[in-house]
Amino acid sequence: MTQPTEKMRAAMYTAVVGDDILGEDPTVKKLEELAAQIFGKEAGLFVTSGTMANQIAVMVYSRIGDEVIVGKDTHIFNLEVGGLSALSGVQPRPIEVVNGYYDPAVVQANVRPQGVQSPDTCLICIENTYNLNKGLPVTLENIEEVCAVGREYHIPVYMDGARIFNAAAALGIGVQELTGPVDSLQVCLTKGLAAPFGSVLVGSAEFIHKARKMKQRIGGGMRQAGIMAAAGIVALEEMVHRLPEDHHRAKTLAKMLLEVDQDLLNIKDVQTNIIAIDIAHWGVDGDIFVKELLARGIKIKKIGRTAFRLVTHCQIREEDLPVVAQAVAEVQEQFRKTS
């Protein structure tokens, strides 16, 4: 929902561009090098979205008929239109991830044994933050545990780091240290960083060389993409440091909502900038709830029949929070009077 900042708009307007397919766009190259440097990886690749980055990574690491271990509530498993099977010909093996913790024993138990009837486990995918409806940070210690399983079985570990900067901010750790153990990852520029377009995939030079071909294979070739990359550079240089403000405002809003109704949410789940609420106990239609809040100028996302997601970001100010809480209280009261 974020809009690009004025500095992003100016950077896009004045960007020096060239043919990205030929490797001649200097602004794209600057973005890719900057992202690789930030994460301590050898190289980067600018792509259209986190979904494209995720699917490219799996294409690089897999062969048709392989199996990929994924979290049950991850984006790559639930919200990429069956891309694992459709694009790479692999089958996902989903595992339960409790409160953002990948139990290494569970990961290990789901690595396929060698055998003529078994697919090969080619990749372990982790997501940080975990679950786009909760935004739970996965700790460095847990990442190291999962990567240790990967090393034991010679299986690479890939991270969907769409919101990795939020995870690092919540954990109070440098993003390079937090992602150091994984073989490769992607970061979205369009989430809390407010860029209008794109993600960057980072990893070894060999991995990115192969990824560049896969990007082209699925129609991801771009020409003067520096116009879009310019906003991404501003996002990485100027928007990361302010993410703790979003986390603080999410917790503040969560507390205000609990004052409206103590059963709306679990405050322990609010660890970054995402708040999930559920009005099942209100006994009302969830679509009407969305409509009533939208009429009051508040946009929320429905994530279940009676469950919703609220996300704080750079354009949500401190003074907006009581307005949101008051609107929820008004709608609740309206439902009470009509029930």
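Colleague: Let's start with a cysteine: is Cys 147 buried or exposed?

Modeller: Cys 147 has a relative accessibility of 3%. This is a predicted model, with residues numbered from 1 along each chain as its sequence is written, where local features need pLDDT of at least 70, side-chain atom pairs count only at pLDDT 80 or more, and totals for chains, interfaces and linings use all residues. Side-chain values use heavy atoms, with hydrogens and water left out. Buried means under 20% relative accessible area, exposed over 50% and partly exposed in between (1.4 Å probe, protein chains only), so Cys 147 counts as buried.

Colleague: How far is the sulfur of Cys 147 from the closest cysteine sulfur?

Modeller: A disulfide is a pair of cysteine sulfur atoms within 2.5 Å, and a search of the whole structure finds zero of them. The closest sulfur to that of Cys 147 belongs to Cys 125 and is too far for a bond, at 12 Å.

Colleague: Which helix gives the largest share of the largest nonpolar core?

Modeller: A nonpolar core is a set of buried Ala, Val, Leu, Ile, Met, Phe, Trp, Tyr and Cys residues joined through side-chain atoms within 4.5 Å. The largest has 55 residues, and Phe 46, Ile 126, Ile 164 and Phe 165 have the most contacts inside it. Helices here are DSSP runs (H or I, at least four residues), as are strands (E, at least two), numbered from the N terminus. Eight core residues, the largest share, come from helix 11.

Colleague: And how many residues are in the second, separate core?

Modeller: Its members include Ala 250, Ile 275, Trp 282 and Val 331. The size of this second core is 25 residues.

Colleague: On to charges: which residue forms a salt bridge with Arg 212?

Modeller: A salt bridge is a side-chain nitrogen of Lys or Arg within 4 Å of a carboxyl oxygen of Asp or Glu, and the structure holds 19. For Arg 212, the closest N and O atoms are 3.6 Å apart. The pair links helix 10 (residues 205–217) with helix 2 (residues 26–39), 180 residues apart. Arg 212 is partly exposed at 35%, while its partner is buried at 7%: Glu 32.

Colleague: Which strand holds Arg 93, the partner of Glu 67?

Modeller: The side chains of Glu 67 and Arg 93 meet in a salt bridge at 3.7 Å, N to O. Glu 67 lies in strand 2 (residues 67–71), so the pair ties together parts 26 residues apart in sequence, with Arg 93 in strand 3.
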